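Welcome! Let's work through a few exercises together, taking one small step at a time.

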Amino acid sequence: MRHRVSTVTDSSCIQTINWTSFPHGTAIALTVIRVCIRQHRHLDGVQHMNEQKKLGVIGGLGPMASAQFLELLTSMTDAKRDQEHIEAILYSRPQTPDRTAYLLGNSPESPLPVMLDSARTLESLGCRVLVIPCMTAYSFAAEMQEKCTAQLVNPITQSAKLLKAAGKRCVGIMATDGTVKIGTFQKALRAEGIEPVTPDAENQREVMRIIYEDVKSGKPADLEQFHAVAHSMRAKGAECVILGCTELSVIKQTQQIGKGFLDAMEVLAATAIAACGYSVKADIRLIG
C-alpha cells in the first residue's frame, strides 16, 4: 500500500488526513484528526487536543475478545510513548445474555438491556465513543445508537466500505448463526454493491463449533476445519473472507491463518482510533 498525508489549515484548526491507497488506486481516509489550535493545553509536557475523545469498551462478550481488542487498540495506535495512547475504559460484563441464543429464539433473555446499561455507565464516566468487541451484538446497533448519546462505532458497515474500496466484488462471511441469520454483514455488503457468500449448513456448524468449543473454551482453533470453511466460500467466488466474529479474530491474532481475510475486529480498532481523534499506524494493512 502507498500512504500520503494531507494537511488543511484555517484560522482555527489543522486537519490532518492519513490516506491509504489501495492497489487499484482508490483512496480512503483511515484517520481524521482535528486539532483546535486556540484550545491547546499542556500538562507535564503532554499536548492535549480538544477533539481527542475517551473510548468506552462494552466488554465481556466474550472476555478473550475484549482482551484481544485492547491489545489491537494499543498496537495499532500511532504512539511513541504511553501518553500518546487512547484513554479507554473497559466495562467487562461476561454475564451479558448470549446474543446468538437470543437472536435464534433459543433464549428469552435479551442482551440489549445489559448492553445499554453498560453504555450509560461508560457515558457517565465521560466516554464519547463506544465499541462492542462482539460482532453479533451489532445486530442491536440501531437500538443502541438511538438510546446513546456517545457515538457507537460500527465495524460492519466500515468493513463493507473497506472491501468496496479494495475493489472486492464477492466476499465470504464467517460469523455466528445469529449474525448470519440477521444478515448484518450481508446487508452492509450489498449496500456497497458486493455479493455476500455464507457457508452451507454443514460448514456453518463447523464455524459455531470453532467459536464455542475451541476459542470460547480457551483452546487453539482447529485450523484444518477453519480453512475448509473458508475454502468452501472461495469455491463459490469469494475473493476475501470476513472474520465476522471476535472469537474468529482471536484466531487470526494467535494462530497463522494466511492471507485473504478481513478481520472485523481490526476494523473496529482502526475505526475507534480514528473516531477518538488519534492516528492509525501507517503500516497497518487491514485486508490481508
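Two strands count as paired if DSSP finds at least two bridges between them. Keep in mind that this is a predicted model.

**Exercise 1.** Work out in which order the 4 strands of the open sheet stand.

*Solution.* Begin with strand 10, residues 170-174. Strand 10 pairs with strand 11 (residues 195-197) in the parallel sense, over 3 bridges. Strand 10 also pairs with strand 12 (residues 240-243), again parallel, over 4 bridges. With strand 13 added, the order reads 11-10-12-13, and the pairing is parallel. Strand 11 and strand 13 (261-263) stand at the edges with a single partner strand each, so one side of each lacks a neighbour in the sheet. On average, neighbouring strands here are turned by 30° against each other, direction ignored.

**Exercise 2.** Find the residues that stand across from G172 and M174 of strand 10.

*Solution.* Look towards strand 11: the bridge partner of G172 there is V197. Now turn to strand 12, where G172 stands opposite V241. In strand 12 you will also find L243, the bridge partner of M174.

**Exercise 3.** Decide whether the faces of strand 10 are covered or not.

*Solution.* In a regular strand, side chains alternate between the two faces of the sheet. On one side of strand 10 are C170, G172 and M174, and on the other V171 and I173; all are buried. That makes 5 of the 5 residues, so strand 10 is largely enclosed by the rest of the structure. Both faces are therefore covered.

How values were computed:
Residues numbered from 1 in each chain as written. Predicted model: local features only at pLDDT ≥ 70, side-chain atom pairs only at ≥ 80, totals over all residues. Heavy atoms only, no water. Buried < 20%, exposed > 50% of the residue type's maximum accessible area, 1.4 Å probe, protein only. Helix = DSSP H or I, 4+ residues; strand = E, 2+ residues; numbered from the N terminus. Axes fitted to C-alpha atoms, helices over the stretch in contact; angles between N-to-C directions.
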